[in-house]
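Please open the model in your viewer and keep a selection tool at hand. The tour moves from a pair of packed helices to a group of aromatic rings.

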Amino acid sequence: MRPDDRKYLSSHEWIKIDGDIGTIGITDFAVQELCSGNESDLVYCDLPEAGRSVEAGETFGEIESVKAVADLNAPLGGEVIEVNAAIEDHLEILADDPWERGWLIKIKLSAKTSDALLDAAAYEEVVAQEA
Amino acid sequence: MTEWRRIETFGAPPGFNMGLDEALLLDEAAPPTLRLYSWEPDTLSLGYFQRFVDVPGTSQAGAVVRRLTGGGAIHHTDELTFSLTTNASDPVYRGPVADSYARVHAAIAQALLEFGATAELVGEVPLASDGEGTGMCFHKSTPLDLAWGGRKGVGSAQRRTRGRVLHHGSIKLGTSALEGAIATLGSSAGRPLDPAEVGDALVRALSEQFGLRFTPAAPTAAERRAAEALGPRYQDPAFLHRR
């Protein structure tokens, strides 16, 4: 079971809400899909700069593995207030710990909910269908 | 049998080629589609994340675009270019990226056999076509690439966006000055090859490998309009030099 202290998108991003701050990352399933356990296959991650506004569902960045480029989508909208600078040079963090150290951006939320958000149980069903 | 469209646009301009692939990727209602195409003029495509300055060959091609897909640069001349666009839940692409490459490359290898090339996945073995400093896709191999005679002869890359997949592929029929020392299908066949006949072989192999039935089609009017609207970005200096 994946962490139930956060919400998910069917496109495999998560958001953990603390007050009016949302921390966003991608799930272990997303990482596994991209690199099949070879963490060195992750080659590039393009993240936004602090200050940029993102809408719920909008693409805020991109991640490249040896063989695929994938979008990173925002579960909720808001202003980017912090970016995990360690990620771009240490993509292996995403494989090692996608839930805590592998967070990508923090946003100041403009809204705290969206119909697209899934709880952990609903996200598990999405993964079961795609695996 | 699953129905796929087969769209042929040989000799198309570079912006249109990239714009149509993006249109097919973004349209969730579009049916699964195989495009077979070539380029006029000859075009160098940069990988999505490549730095422009890392590819010295840009000055030697008839045109330059930046692809939506990653990987290295490709000089699109004397080759069959193809794209596959479908939902990520399609049995062809379901599951890990690496698994989908293995499946699609098995079909491509079957098609190459018709022309005398016995292609295999590279694995961890260095290739004679590997080289430094060109930024070219065919000079850098990964374990999932297809090679024969110790040289890389097929380039491929995927883009995954909102539950959709775009798979770009390039099968080399001959060499170019920018892509020396690579494997070419024309060399294996011992004669010049037309992209269309290699495309026919690819269709046969994909049909057999995945149980697909391909129906010849032209891009719809809406897809053409979308391609014309999306195409110019790919040659826009700001996009080309974004990295």
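**Two helices in chain B**

Begin by selecting R103(B), V104(B), A106(B), A107(B), I108(B), Q110(B) and A111(B) in α2(B), which meet A201(B), L202(B), A205(B), L206(B), E208(B), Q209(B) and F210(B) in α4(B), where contact means heavy atoms within 4.5 Å. This is a predicted model, in which local features need pLDDT of at least 70 and side-chain atom pairs count only at pLDDT 80 or more, while totals for chains, interfaces and linings use all residues. Residues are numbered from 1 along each chain as its sequence is written, chains are lettered from A and ligands numbered from 1 in the order in which they are written, and side-chain values use heavy atoms, without hydrogens and water.

Now show α2 (residues 97-113) and α4 (residues 195-210) of chain B whole: their axes come within 8 Å and cross at roughly 130°, the axes being lines fitted to C-alpha atoms over the stretch in contact, with angles from 0 to 180 degrees between N-to-C directions. α2(B) is therefore oblique to α4(B), a term for angles that are neither under 35 degrees, nor over 145, nor 65 to 115.

**The aromatic rings**

Next, select Y44(A), Y48(B), F49(B), Y234(B) and F239(B), which form one aromatic cluster; rings pair if their centres lie within 6.5 Å, and planes over 60 degrees apart count as edge-to-face. Within this cluster, the rings of Y234(B) and F239(B) are edge-to-face, because their centres are 5.7 Å apart and their planes at 90°. Y234(B) is buried at 0% relative accessibility, and F239(B) is buried at 8%, the cut-off being under 20% relative accessible area with a 1.4 Å probe and protein chains only.

Finally, add R233(B), which lies over the face of Y234(B) at 5.2 Å from the ring centre; this requires CZ of Arg within 6 Å of the ring centre and within 35 degrees of the ring normal.

Conventions:
Rings of Phe, Tyr and Trp (its six-membered ring) pair if their centres lie within 6.5 Å; planes under 30 degrees apart count as stacked, over 60 as edge-to-face and the rest as tilted. Buried means under 20% relative accessible area, exposed over 50%, partly exposed in between (1.4 Å probe, protein chains only). Helices (H or I, at least four residues) and strands (E, at least two) are DSSP runs, numbered from the N terminus.
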